[in-house]
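Work through the exercises below with the sequence and the model in view. Try each task before reading its solution.

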Amino acid sequence: MLNSCVCAFLMVLSWSVEVIDASAGDADPRYRDCVRHCQETGCVGQKRCFPNCKFSSDGELIDRPWYMQQEPLYLQWKKWDCQSDCRYYCMLDREKERESHNLAPVKYYGKWPFRRIYGMQEPASVAFSALNLAMHFHGWVSFFILIYYKLPLKDGKKAYYEYAGLWHVYALLSLSSWFWSAVFHSRDVDLTEKLDYSSAIVLLGYSLILAILRTFSIRDEATRVMVAAPLIAFVTTHVMYINFYKLDYGWNMIVCVVMAVAQLTIWAVWASLSTHPSRWKLWLVVFAGGLAMLLEIYDFPPYEGVLDAHALWHATTIPLTYIWWSFIRDDAMFRTSNLVKKSK
């Protein structure tokens, strides 16, 4: 559920960025002149030139994406193409000029002026995405140990908890989503964007299926298939649409928000009606996650070019992820205890 809130809001945020044709920074004539000069000469100023700005014999720029270069990917990761380097260093120079005139930072192409660290475009967001990934891995491992080593098993092999397999799949999809989130914040290009979007959408769709199956206590396999099949078909079609036909940010936003709101509503209603001993953890995740999103509303330039509101929001999801997996473990213990009592 927590990942669904995060992913949906990321979709909304990224869509709002994409529909902006020009931010104040990249609309600045001085910045545009700098980028144009750099792409014509391969240099910013007199001393900073880029070896990746290669020109043909007729003076045309040969500028291929970083992931299409001849060198191995692990060597290319810290390198950028000519256009990206020109934009980045012109942005740094322009921001220094603005700072010397006591002017506040402005956005470029919908993003604040971040400073690269080891080739990473938004280092703080990368770090917090990685920590979220680690927290999900920790939650999954602790859940696995609880299910198969601490709680009683049927005939010594199969778990009593009917939703164990579903949560294992959820964990794998969460790990994938946060991994590609870290990659996307590290390098924002078409390839990483589609991978990030696709993994987030798949997680959203699966989380909705899981919310329905758990809250309505659907344990029959045939019924589960009937519930999941149309949602799986829709998510698969949507992923193929944005990857191979058109990455429509407006439509993608609608799809993600609808799925996220639907599952949040399902969990919230269930928490209100249920007598589950750990339902308060659901409420905590919902309300704390909502408050954390205020960081996105109160947007501010990155401190020292690294830490911005979006990165801090990623940081707040780390403890909430721990609480969410704590609820999942509690649910496993609660259901197992009831089922063991009935079997006696």
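**Exercise 1. The chain as a whole**

Task: Describe the accessible surface, the burial and the secondary structure of the protein chain.

Solution: The model is a predicted one. Start with the surface: the protein chain has an accessible surface of about 17,700 Å², and 64% of this belongs to carbon and sulfur atoms. Next, count burial: 48% of the 344 residues are buried. Then list the elements: the chain has 12 helices and six strands. Last, turn to contacts between residues at least 6 apart in sequence: 71% of them join residues at least 24 apart.

**Exercise 2. Annotated regions**

Task: Find what the chain does over residues 161-183 and over residues 250-270.

Solution: Begin with the record. An unreviewed UniProt entry gives the annotation "transmembrane region" to several stretches, including residues 161-183 and 250-270. Residues 161-183 are 87% helix and 0% strand, with 34 Å between the end C-alpha atoms. Residues 250-270 are 100% helix and 0% strand, with 30 Å between the end C-alpha atoms.

**Exercise 3. Three disulfides**

Task: For each disulfide, give the partners, the handedness and the burial of its cysteines.

Solution: The structure holds three disulfides.

- Step 1. Cys34 and Cys90 are joined with their sulfur atoms 2.0 Å apart. The S-S torsion is -80°, a left-handed link. Cys34 is in helix H2 (residues 29-41) and Cys90 in helix H4 (residues 82-100), 56 residues apart. Cys90 has a relative accessible area of 2%, so it is buried.
- Step 2. Cys38 is linked to Cys86, also with an S to S distance of 2.0 Å. This pair ties together parts 48 residues apart in sequence, because Cys38 lies in helix H2 and Cys86 in helix H4. The link is left-handed, with -70° about the S-S bond. Cys38 is buried at 0%, and Cys86 is buried at 0%.
- Step 3. Cys43 and Cys49 have sulfur atoms 1.8 Å apart. The torsion is about 105°, so this disulfide is right-handed. Cys43, at 15%, is buried, while Cys49, at 42%, is partly exposed.

**Exercise 4. A lysine in a helix**

Task: Is Lys281 buried or exposed, and which side chain does the side chain of Lys281 join in a polar contact?

Solution: First locate Lys281, which is in helix H10 (residues 279-292). Its relative accessibility is 10%; buried means under 20%, so Lys281 counts as buried. Beyond four places in sequence, Lys281 is in contact with Ile323, Ser326, Phe327 and Asp330. The side chains of Lys281 and Asp330 are joined by a polar contact of 2.5 Å.

Key: Residues numbered from 1 in each chain as written. Predicted model: local features only at pLDDT ≥ 70, side-chain atom pairs only at ≥ 80, totals over all residues. Heavy atoms only, no water. Helix = DSSP H or I, 4+ residues; strand = E, 2+ residues; numbered from the N terminus. Buried < 20%, exposed > 50% of the residue type's maximum accessible area, 1.4 Å probe, protein only. Contact = heavy atoms within 4.5 Å. Areas by Shrake-Rupley, 256 points an atom, 1.4 Å probe, with all protein chains shown as cover. UniProt positions renumbered as here; feature names shortened; annotations may be inferred. Polar contact = N/O pair within 3.5 Å; in protein donor to acceptor, adjacent residues only side chain to side chain. Disulfide = S-S within 2.5 Å.
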